[in-house]
Amino acid sequence: MSKNEKYVAYVSTYTMGDHHGITIYDVDLENGRFSLKDKVEITNSSYLTISHNRKWLYSITDFGVEAYEILPDGALKTINTATINGMRGHYLSTDYEDKFLFVAGWHDGKITALRLNGDGSVGEITDEIFHKGLGSISERNFRPHVSCVKMTRDNHYLCAADMGLDHTKIYRLDHQTGKLKLTDVIRSELESAPSHIKFSRNGEFLYIVHELKKIIDVYTYQEVNDIPYFEKIQTIPTVNNYHASGTAASALNLSEDFKYLISSNAGDNSVVVYQIEEGTGLLTKLFCLPISGEYPKDAALFPDNRHLVSLNHESNTMTFFTVDLKKGLIVMNGKEIRVDQPNCVIFHRIG
């Protein structure tokens, strides 16, 4: 990585009293810090995603989804807002050709697919799927809660994690119509609550973090004769043996070089970093350490893997750490930054 590379960080927040739901920061890679650059007016930006061509940013909002053009300096210019014809979304992502946008509905158990236009604007809804059924009868997961939607890297299937039903549904995408057809189901442990999913750089390995069981399941993925096959090869905890009670796994992020996987634990208020073994996709835990805040809803390594930021939703802070991956250590790096109810952070290279 060149020292001349510049980044901004986009942080989404809920907006209780402040309408600026997206905050843009300049990233100081050398010192592992953020400095305020700009704020964008949007209500309750619960999640952000950047298109694979790196031209556009999309956000959840109370009114559906909002599209932005990413300007050369990292600032955002509003393109349009589109409805998802349902309750407020939870997560969103694009396919790998940036032709469709997918929204996960936690509140109503719904997947919404929308067409993306050539200028990055969000077009019409192409499909709407409500998950049906009952999970285990417990406080959190007794009905459908779609928490994450992400395409396989071959761009053939949409994977939809459902915390309420304890499984991930696999849909084949029709690239012409934008319709989704159920083709497979990955069934997680009972009362595990699969919440976020990531694929390895080559697309051969799938990682699913489970909120209630505090585990990450690792699967191999391949397609044979137009049929997707997922095989579980590892289950690894997100917490130490001596974690706090009432803990729930939260974040799931890959480092920019795809060599490390990061998760976090609310209640335990810790961050965990794993090394990804090249070739096998298996995870080795490097450390699980406290983040000096409450409810780390998201956590990410800086692009150079030498620093880490934690978004602490309940203490309304971002905390920063210097990271030594070889020694398995993090050391707090400067003062916390105040930010109300942060949800997710995305690094974006500019210039």
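This passage describes the two largest pockets of a predicted model and the residues that line them. The model is a predicted one, in which local features need pLDDT of at least 70 and side-chain atom pairs count only at pLDDT 80 or more, whereas totals for chains, interfaces and linings use all residues. Residues are numbered from 1 along each chain as its sequence is written, and side-chain values use heavy atoms, with hydrogens and water left out.

The largest pocket (an open set of points on a 1 Å grid over the protein atoms alone, where a 1.4 Å probe fits, with protein on both sides within 12 Å along at least five of seven lines) holds about 1000 Å³ of space, the volume being that filled by probe spheres set on points joined across faces, edges and corners. Its lining (residues with an atom within 4 Å of a point) comprises 33 residues, of which R54, K198, L254, F258 and I346 are the closest to the centre. Two or more lining residues come from each of β4 (48-50), β8 (91-94), β12 (146-151), β16 (194-199), β20 (248-254), β24 (296-301) and β29 (342-350), these strands being DSSP runs of E, at least two residues long, numbered from the N terminus. The most, 5 residues, is given by β29. By class, the lining has 18 nonpolar (Ala, Val, Leu, Ile, Met, Phe, Trp, Tyr, Cys and Pro), 8 polar (the others, Gly among them) and 7 charged residues (Asp, Glu, Lys and Arg).

The second largest pocket has a volume of about 490 Å³ and is lined by 26 residues, with H90, H196, E211, Y295 and K297 nearest its centre. At least two lining residues are supplied by each of β16, β20, β24 and β29, and β20 gives the most, with 6 residues. This lining divides into 11 nonpolar, 10 polar and 5 charged residues.

Methods
Helices (H or I, at least four residues) and strands (E, at least two) are DSSP runs, numbered from the N terminus.
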